[in-house]
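Me: Please take a close look at one part of this model, its salt bridges. I would like to know where the partners sit and how exposed they are.

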Amino acid sequence: LNPLKDALSQLQKLSHNQYEGVLRRSDIQEVREVNEAINTLSQSLIDLEKSRQMLSAKLISTQEDERARISRELHDELGQKIAVIRFNASFLEKSLSSNSSALQSIQDIKLAIKDIDLEVKTLLKSLRPDKNFLELNNDSLKKLLIDLIKTWQDANGQTAQFNYEIELGNQDFSVQINLILFRITQEALTNIAKHANAQHNDIQILVKNKKIYWSITDD
């Protein structure tokens, strides 16, 4: 019964997404056919997993390319228009020095422009937090993640607590991993702020034994 036990063990591994291991060839025809079928299934699952990872990587790349495009358009087009409006408002303010009611309207316009400019910069930072993830080492990635956490903490005032522990080790990550760590952290914090209304939040991003452990919990 040992060959059957081996086959059952391999099937149990496959059910837990553990695709390594190959069943040995058996002298018993029925067992050999079962083992060959399981080995074929294992290889198919390995190929599917590779395809899934490739598609995931392509999806991430496509999303980031689109974010970068939108970021550039916002910066170039909207940034220029804001600058023009600010310039014209300042020109009108100097030209209408004797008209107090018009000056108040211009002041209101300038304040609105300032708010819009701040919102655009916040949006740009959300879309593209760093100009080039290729240049990020672990120290700069850690700083970027901490800045992200502090941004949400500031946005939620003093009522919500964000406790964090980020230790990324000495080996720098690939661009894809940098993006994944930033985006899933950003998404989790966004969900907490918009939906959970949590008062206590614990964030852990740690590297141990060449593995990344990522956890965000709230109350």
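Reply: Partly exposed means a relative accessible area between the buried class (under 20%) and the exposed class (over 50%), with a 1.4 Å probe and protein chains only. This is a predicted model, in which local features need pLDDT of at least 70 and side-chain atom pairs pLDDT 80 or more, while totals for chains, interfaces and linings use all residues. Residues are numbered from 1 along each chain as its sequence is written, and side-chain values use heavy atoms, without hydrogens and water.

Across the whole structure, the search finds 5 salt bridges (a side-chain nitrogen of Lys or Arg within 4 Å of a carboxyl oxygen of Asp or Glu). Three of them are described here, starting with helix H4.

In helix H4, Lys-143 and Asp-147 form a salt bridge, with 3.0 Å between the closest N and O atoms. The two residues are 4 apart in helix H4, so about one helical turn separates them. Asp-147 is partly exposed, at 26% relative accessibility. Lys-143 is exposed, because its relative accessible area is 53%.

Helix H4 (residues 138-155; helices are DSSP runs of H or I of at least four residues, strands runs of E of at least two, numbered from the N terminus) also contributes Lys-142. Lys-142 pairs with Glu-167 in a salt bridge whose closest N and O atoms are 3.6 Å apart. This pair links distant parts of the chain, since Glu-167 belongs to strand E1 (residues 161-167) and lies 25 residues from Lys-142. Both partners count as partly exposed: Lys-142 has 26% relative accessibility, and Glu-167 has a relative accessible area of 43%.

Another salt bridge is found in helix H2, where the side chains of Arg-52 and Glu-49 meet at 2.7 Å, N to O. Arg-52 and Glu-49 are 3 residues apart in that helix, which means a separation of about one helical turn. Arg-52 is partly exposed at 45% relative accessibility. Glu-49 is partly exposed too, at 23%.

Helix H2 (residues 29-95) also holds Thr-62, which has a contact of another kind. The side chain of Thr-62 reaches the backbone oxygen of Lys-58 at 2.8 Å. With a relative accessible area of 42%, Thr-62 is partly exposed.

To return to the request, the pairs Arg-52 with Glu-49 and Lys-143 with Asp-147 each lie within one helix, about one turn apart, whereas Glu-167 and Lys-142 connect strand E1 to helix H4.

Conventions:
Polar contact = N/O pair within 3.5 Å; in protein donor to acceptor, adjacent residues only side chain to side chain.
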